[in-house]
Amino acid sequence: MLRIPLLILIALAITFLGAVQVSLWALDATRGFGGLSVNGWTAYPDIQTIDADPYAKAHRANDGHLLLGRAEGLVFRADTDQNEQALNARCRYLVEGRVPPSLFWTLRATYPDKTSPELPVGWPSVVNAHKVLKDRNGNISITLSSSAETGNWLALAQNGTFELQLTLIDTPTSNDSGIREFEMPSIVQLECAS
């Protein structure tokens with residue numbers, strides 16, 4: 001009868017658990033390859049297609065979110081402002097500029113783990129194309145803060161880092177060349193609480 005020493009079994013168990021932990025870390029660290037960045041916003045056009053790389057497919061399976069086809073929607077994410085500082089709910093921000101062409105779009109703030117912040121009842125957790133006021137040139141100007149603001153306002157939690165998610169629905173610019181040709185709104189830090 002073959003006997004495996006206890007130390008070898010312990011080493012195998014540690015190796016297995018380490019491999020699982022590294023795999024989970026890799027899923028959190030990246031959405032896959034092929035990301036395109038425009039003005040601090042990043043999108044992965046192939047993440048929901050059959051052409052997605054294995055890491056993107058694993059990340060998609062781990063997320064468990066509703067999948068949009070490439071022609072149906074495109075999700076851009078930003079976790080830094082125009083000065084490449086991490087977005088923090090202690091600060092006020094201004095998202096301004098032009099949203100790329102799309103039938104409909106939404107902008108929301110999420111925690112790094114992709115959950116939505118808990119906000120007081122009635123505070124806007126999402127801004128969308130039908131509810132935002134634009135200037136005469138079609139540009140938007142949305143204030144992000146943890147206290148109530150006038151005009152276009154997206155509420156933030158009281159503290160912690162966050163990520164902005166801009167989802168374009170039915171956008172004609174879903175191919176790589178189309179993404180590189182348009183501008184995205186800028187994210188400007190206005191002030192921070194001490």
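Modeller: Helices here are DSSP runs of H or I with at least four residues, strands are runs of E with at least two, and both are numbered from the N terminus. The model we are looking at is predicted.

Biologist: In which helix does Leu9 lie?

Modeller: Leu9 belongs to a nonpolar surface patch that also holds Leu6, Leu7, Ile8, Ile10, Leu12 and Ile14, and together these residues have about 740 Å² of accessible area. Leu9 itself counts as partly exposed because its relative accessibility is 45%, between the limits of 20% and 50%. The helix that contains Leu9 spans residues 6-29 and is α1.

Biologist: How many helices and strands are there in the protein, and in what pattern do they follow one another along the sequence?

Modeller: The protein has three helices and 10 strands. Read along the sequence, they give the pattern α-β-β-α-β-β-β-β-β-β-β-α-β.

Biologist: Which residues have the most contacts inside the largest nonpolar core?

Modeller: In soluble globular proteins, nonpolar side chains tend to be buried together. In this model the largest nonpolar core has 30 residues, and the elements that each give two or more residues to this core are β2 (41-43), β3 (73-78), β4 (91-97), β5 (104-110), β7 (140-145) and β9 (163-169). Leu164, one of the residues with the most contacts inside the core, touches Trp41, Phe76, Leu107, Leu144 and Ile187, among others, when residues up to four places away in sequence are not counted. The residues asked for are Trp105, Ile142 and Leu164.

Biologist: Is Leu133 buried or exposed?

Modeller: Leu133 is found in the loop between β6 (126-128) and β7, and, leaving aside residues up to four places away in sequence, Leu133 touches Asn139, Ile140 and Asn152. Its C-alpha is 7.8 Å from that of Gly151, although Leu133 and Gly151 are 18 residues apart in sequence. Because the relative accessible area of Leu133 is 61%, which is over the 50% limit, Leu133 is exposed.

Biologist: How many residues apart in sequence are the parts that Cys91 and Cys192 tie together?

Modeller: A disulfide joins Cys91 to Cys192, with an S to S distance of 1.8 Å, and at 95 degrees about the S-S bond the link is right-handed. Cys91 is buried, with a relative accessible area of 5%, whereas Cys192 is partly exposed at 38%. Cys91 lies in strand β4 and Cys192 in strand β10 (residues 186-192), so the parts tied together are apart in sequence by 101 residues.

Biologist: Which residue meets Glu163 in a salt bridge?

Modeller: Side chains of opposite charge can pair when their charged atoms come close. Glu163 is buried, with a relative accessible area of 10%, and its salt-bridge partner also counts as buried, at 19% relative accessibility, because each value is under the 20% limit. The pair links strand β9 to strand β3 across 86 residues of sequence. With N and O 3.3 Å apart, the side chain that meets Glu163 is that of Arg77.

Biologist: Which residues are joined into one network by salt bridges that share partners?

Modeller: Glu149, in the loop between β7 and β8 (153-155), and Arg92, in strand β4, are 57 residues apart in sequence, yet they form a salt bridge whose closest N and O atoms are 2.8 Å apart. Arg92 also meets Glu191 in a salt bridge, at 3.4 Å from N to O, which links strand β10 to strand β4 across 99 residues. Glu149, Arg92 and Glu191 are each partly exposed, with relative accessible areas of 22%, 23% and 45% in that order. The residues in the network are therefore Arg92, Glu149 and Glu191.

Biologist: What percentage of the area exposed by the protein do carbon and sulfur atoms supply?

Modeller: Buried residues make up 36% of the 194 residues in the protein. Among contacts between residues at least 6 apart in sequence, 71% join residues at least 24 apart. The protein exposes about 11900 Å², of which carbon and sulfur atoms supply 56%.

Technical notes
Residues numbered from 1 in each chain as written. Predicted model: local features only at pLDDT ≥ 70, side-chain atom pairs only at ≥ 80, totals over all residues. Heavy atoms only, no water. Core = buried A, V, L, I, M, F, W, Y, C linked by side-chain atoms within 4.5 Å. Buried < 20%, exposed > 50% of the residue type's maximum accessible area, 1.4 Å probe, protein only. Contact = heavy atoms within 4.5 Å. Disulfide = S-S within 2.5 Å. Patch = residues over 30% accessible without salt bridge, like charges linked within 9 Å, V, L, I, M, F, W, Y side chains within 5 Å. Areas by Shrake-Rupley, 256 points an atom, 1.4 Å probe, with all protein chains shown as cover. Salt bridge = Lys/Arg side-chain N within 4 Å of Asp/Glu carboxyl O.
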